[in-house]
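Let's take a walk through this structure together, one region at a time. Keep the 3D view open and turn it as you read.

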Amino acid sequence: MTVASGVSTRRGGASGSLDCGDRRGTPVDRYYIERFLAAERAAIKGRVLEVLNRDYTERYATSIDQSDVLDVDPTNANATIVADLAAADVIPTDTFDCFILTQTLQYVFDLEAAAVHTHRILRPGGTVLCSVPSVSRIDRRELDSEYWRLTRAACSRLFSDAFPGGDVDVRAHGNVLAAVAFLMGMAAEELSTAELERDDPYFPVVVTVRATKAH
């Protein structure tokens, strides 16, 4: 992995770390990410960009004109665009209707640059659906290239600055029980729906962002 890429075998699509509940079922963080994408599936349409693979595009899209995959790794056979999100000048402005950006920004050191490029490459009215970890162990494969855990306040500031005049909605998901279960490697299936869906702003597992570029 290239440090600046923001690309990991853990984030993107439906893949997950073998230390975060995959062996037992659905990782707890993925429960919240997939609940978010299902609720926002109306935005996943037109020309859609996803990082690493097309897993979530194929699962949640309502209508696709074109599906693209972003990765810094040129050996990724899924990638149609090889670029670093924090230095993505190669991607034309106003290109995508939707950008699925799940569990990636923790690997990008220059968050402001990544957010600015995210805004730039979306068409007017286009939407990024982003998720970031707030509570998570560090992936054992990414010890020297996993930089951040983000709060709702940090995401609100980051995306509000990058999307002037746009519509930005930031939400925290999870609670202390879900966070402990996730850190212990339990699966979402080992908690009840009521236990998972009680969101406590003081103990978020995942923060999600829906940011739409102004027309």
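Start with the side chains of Asp199 and Arg35, which meet in a salt bridge with 3.4 Å from N to O. This pair ties together distant parts of the chain: Asp199 sits in the loop between H6 and E7, while Arg35 belongs to helix H1, 164 residues apart. What you are looking at is a predicted model. Asp199 counts as partly exposed because its relative accessibility is 35%, which lies between the cut-offs of 20% and 50%. Arg35, at 24% relative accessibility, is also counted as partly exposed.

Why would two such side chains meet at all? Side chains of opposite charge can pair when their charged atoms come close. The structure holds twelve salt bridges, and a few others are worth finding on your screen. Glu190 pairs with Arg24, and here the closest N and O atoms are 2.5 Å apart. Once again the partners come from distant parts of the chain: Glu190 is in the loop between H5 and helix H6 (193–196), Arg24 is in the segment before helix H1 (28–39), and 166 residues separate them. Glu190 is partly exposed, with 34% relative accessibility.

Now look for Asp94 and Lys213, another salt bridge, whose closest N and O atoms are 2.7 Å apart. Asp94 lies in the loop between strand E3 (81–82) and E4, and Lys213 in the segment after E7, so to find both you can look at places 119 residues apart in a pair that links distant parts of the chain. The two partners fall into separate classes of exposure: Asp94 is partly exposed, with a relative accessible area of 37%, whereas Lys213 counts as buried at 8%. Elsewhere, Glu40, Asp167 and Arg210 are joined into one network by salt bridges that share partners.

Let's move inside. Which residues touch the most other members of the largest nonpolar core? They are Leu70, Phe99, Leu105, Val128 and Phe159, out of 34 residues in that core. Several elements each supply at least two of its residues: strand E1 (45–51), strand E4 (96–102), helix H3 (111–121), strand E5 (122–133), helix H4 (152–162) and strand E7 (206–212). Helix H3 gives the largest share, five residues. For a closer view, pick Val128: leaving out residues up to four places away in sequence, Val128 touches Phe99, Leu101, Thr118, Leu122, Phe159, Phe163, Val209, Arg210 and Ala211. Apart from this core lies another one, of 22 residues, including Val48, Tyr60, Ala178 and Ala179.

Helix H4 is a good place to see how a helix can have two sides. Cys155, Leu158, Phe159 and Ala162 are buried in H4. These four lie on the same side of H4, because they cover an arc of only 85° around its axis. An α-helix has 3.6 residues a turn, so residues three or four places apart point the same way. On the other side of H4, Ala153, Arg157 and Asp161 are exposed. What do the buried residues of H4 pack against? Their partners are H3, E5, strand E6 (167–173) and E7.

Next, turn to helix H5, where Ala179 is found. Ala179 is buried, because its relative accessible area of 8% is under the 20% cut-off. Leaving aside neighbours within four places in sequence, Ala179 is in contact with Val135 and Val205. Between the C-alpha atoms of Ala179 and Asp200 there are 11 Å in space, and 21 residues in sequence. Leu177 also lies in H5 (residues 176–183), but Leu177 is partly exposed, at 36% relative accessible area. Together with Val176, Val180, Met184, Tyr202 and Phe203, Leu177 makes a nonpolar surface patch of about 640 Å².

Finish with Ala86, in the loop between E3 and E4. Is Ala86 buried or exposed? Ala86 counts as buried, at 18% relative accessibility. Not counting residues up to four places away in sequence, Ala86 touches Val108, Asp110, Ala113, Ala114 and His117. To relate this spot to an earlier stop, note that the C-alpha atoms of Ala86 and Glu190 are separated by 37 Å, and the two residues are 104 residues apart along the chain.

Note on methods: Residues numbered from 1 in each chain as written. Predicted model: local features only at pLDDT ≥ 70, side-chain atom pairs only at ≥ 80, totals over all residues. Heavy atoms only, no water. Core = buried A, V, L, I, M, F, W, Y, C linked by side-chain atoms within 4.5 Å. Buried < 20%, exposed > 50% of the residue type's maximum accessible area, 1.4 Å probe, protein only. Contact = heavy atoms within 4.5 Å. Patch = residues over 30% accessible without salt bridge, like charges linked within 9 Å, V, L, I, M, F, W, Y side chains within 5 Å. Areas by Shrake-Rupley, 256 points an atom, 1.4 Å probe, with all protein chains shown as cover. Salt bridge = Lys/Arg side-chain N within 4 Å of Asp/Glu carboxyl O. Arc of directions from axis to C-beta.
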